[in-house]
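Biologist: I have just opened this entry and would like to learn how to read it. Could you walk me through it, one feature at a time?

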Amino acid sequence: MTPRSALVALASALVAACGAPSPAPLELPSPDDAEVLEPADAADAGFELPPADGGPVSTCTRRDDCAHLDDCCYEGWCPNGVCQLRYKLDCCSVPGPCASSTTHHTATCEATCQAGGCVPRLDLPDAPCDETVHTLEPSADTLAASLISDSLPNDAVTWHLTSRRGLEGRPSFHAGHVTCPTYFSGPLDAACTPLPGAAAAPVSLGLTTPSIALPTGGPLVAELWVWASFEVEPRGPATHTPYDGLEVRAVLPSGYIETLWSSRTHPLPRAQWTPVLVDLSRWVGQTVSLRLAFDTLDGVDNHHEGLYVGGLRVTRVCAGQRDCAAAQPCQVGVPTPVAGVDDALCVLSAPDPQLVCQPCEKRADCVPADACDAVACVGGRCQVTRTLTPTCCTHDDVWPDPGGFEVPLDEAWTFEPDDSGAAWHLSALRAVDGQMALRFGLPDTPGLAPPGASAQGTLWSPPVTVPSELPALRASVWMETEWSEPGPLTNPAGVDRLEVLVRWEVLDGLAPSVVWSSDLMGGTTAGQWRQVEIPLDGLAGQPVRVGLRFDTGDEHANEGEGVYVDAVTLGRRCPECPEGAPCSEGPREPPDRIAPEGAPDPSRPRE
């Protein structure tokens, strides 16, 4: 049977299925005259056919001119000035079983004579199931080599790997700021709060998997876990006011893209890990990619933590997964709707999806993941009963020597100077610990830049892996800039600025991200040593280089002594003493991100 004759037969069968009289033999236009539809138009329009009664062709200027062709599962429409039939997708005329779209679905007519009334359900076999055919775990290598991100290369709000919201102890992908728990794209202060009056741009972040070859043999679903905290309520009439949302889309090799699931039509619980299931059975035997698209549509109300995805897997499913068995100490079932069909399956997870669950029979079976945790065997699984005092914390410093800059820097450090003569260098003029510190300025003489000139330079550390839990970069900073004199302004033009940068070792295309700047201190320390602590939770577990960048910005007022950095560490910041818990050294104030005073400065400067 030729494609043309197959189309005629299918059209006649559809009309007959709707209870309408069989039309006269239909004469389709020749391939040369046939209209070529884009995939999205074809999906919307169905088949285009001449009038079903075989009579004279009816001309039209609008859809109402073709209303005489309307019947149960097809309608007249006017695409090109000639009335044609358009079949309503998934339409049926009689309640009960109806034609399914693939061999992996059954369908029931729940609403007659309307599109979508023939509702599909998975045709699940009784054979063994839950066979994984594709897995995508969050990792730095996966993000770099396997996933395609639409984020701008110089944008700090992007898809990235993080341990802030892990799934069963593993990292996740975060759609948000690389260091702050937000997807606000405007300027932030040291506490990750938008600056007063700061505006933000809309955020549109897409993440596409590599091609997935879907095997034959049975129904397939995609399973992903999502943690979401974003704007979910319209700020006005729902038809006029946009709001934030996540969509899961299928991308076919032809370029056709179809939305399979949306948080705007299937709202997610706020701030908790939730499974999402999507039916892929229509494409069994084909190759598809899955695309995660997070879009805010505007820059309003974007100061929320954002979206985390804890991995994705494609599985072959069976009838036994429709029911959840009795909960086990380390395994509970979550009944979860399957997007695209009228069905639900049981998804298994740990009692707390964020944590690794350890089954146990006695206390000795439990090994704490953190030396500061006290654990016990409760209900057949190990549980943290309390977090011990901060005095048990170890910083686990991973910063490459020399953090105190007492010895020359080796070739693993990278300098990016300009041609002004000012640069980062080791100096004995000042130090907070030992005899040397890192300084930006003119070597061996005070001054940020030569008279009448500007200067800038960046120094990159060797590669270092950020600790996976509560990571923070600490340093002592001394600055004397044009903002050191008392006055009403604090670096309004962004000149004489010190910045701390990070650059991903596995993401060459992503520009460095600024994780701290001296604007947060008013552009100066006024000739005093001050301690800085920069939380790096968004970078936990990632291999990075840390950069120090100073830029005078202009040629004015550059006579200051310079900028010094000393006593740098990168490690785990200790947890705060829980409220009401015993602390061997008494209650402790939360550590300041920027302490008002740093280490003492005895006998400095030195000759």
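**Reading the sheet, the disulfides and the whole chain**

Modeller: Let us begin with a sheet, keeping in mind that this is a predicted model. Three strands form an open sheet in the order β3-β4-β5, and their pairing is antiparallel.

Biologist: Which are the edge strands here?

Modeller: An edge strand pairs on one side only, and here that describes β3 (96–97) and β5 (118–122).

Biologist: Over how many bridges do β4 and β5 pair?

Modeller: Strand β4, residues 105–109, runs antiparallel to β5, and five bridges connect the two. To see the pairing residue by residue, find T108: V119 in β5 stands opposite.

Biologist: Thanks! Next, how do I read a disulfide?

Modeller: The general idea is that a covalent bond joins the sulfur atoms of two cysteines. Searching the whole structure turns up 11 disulfides. One of them is formed by C92 and C109, with 2.0 Å between the sulfur atoms. This pair links distant parts of the chain, 17 residues apart: C92 sits in the loop between β2 and β3, while C109 belongs to strand β4.

Biologist: Why is the disulfide of C92 and C109 called right-handed?

Modeller: Look at the torsion about the S-S bond: for C92 and C109 it is about 85°, so the disulfide is right-handed.

Biologist: Are C92 and C109 buried or exposed?

Modeller: Both C92 and C109 are buried.

Biologist: May I try another pair with you?

Modeller: Of course. C360 and C377 are joined by a disulfide, at 2.1 Å from S to S. C360 comes from the loop between β19 (344–349) and β20 (373–378), and C377 from strand β20; the pair links distant parts of the chain, 17 residues apart. The S-S torsion of C360 and C377 is about 100°, so this disulfide is right-handed.

Biologist: How do C360 and C377 fare for burial?

Modeller: Here the cut-off helps: a residue is buried under 20% relative accessible area and exposed over 50%, with partly exposed in between. C360 has 10%, so C360 is buried. C377 has 25%, so C377 is partly exposed.

Biologist: Which handedness does the link of C366 and C382 have?

Modeller: That link is left-handed, with -90° about the S-S bond. C366 is in the loop between β19 and β20 and C382 is in strand β21 (residues 381–387), so the disulfide ties together parts 16 residues apart in sequence. The sulfur atoms of C366 and C382 lie 2.0 Å from each other, and both cysteines are buried.

Biologist: Can we look at a residue that is not a cysteine?

Modeller: Try L85, which is part of strand β2 (residues 84–87). Its relative accessibility is 2%, so L85 counts as buried. You can also compare sequence with space: L85 and D70 are 15 residues apart along the chain, and 8.2 Å separates their C-alpha atoms.

Biologist: And how should I read the chain as a whole?

Modeller: Start with the elements: the protein chain has three helices and 32 strands. Of its 607 residues, 47% are buried. Then turn to contacts: among those between residues at least 6 apart in sequence, 67% join residues at least 24 apart.

Biologist: What does the accessible surface of the protein chain come to?

Modeller: The accessible surface is about 28700 Å², and carbon and sulfur atoms account for 53% of that area.

Terms used:
Residues are numbered from 1 along each chain as its sequence is written. This is a predicted model: local features need pLDDT of at least 70, side-chain atom pairs count only at pLDDT 80 or more; totals for chains, interfaces and linings use all residues. Side-chain values use heavy atoms; hydrogens and water are left out. Helices (H or I, at least four residues) and strands (E, at least two) are DSSP runs, numbered from the N terminus. Buried means under 20% relative accessible area, exposed over 50%, partly exposed in between (1.4 Å probe, protein chains only). Two strands pair if DSSP finds at least two bridges between them. A disulfide is a pair of cysteine sulfur atoms within 2.5 Å. Contact means heavy atoms within 4.5 Å. Accessible areas come from the Shrake-Rupley method with a 1.4 Å probe; for residues, only the protein chains shown count as cover.
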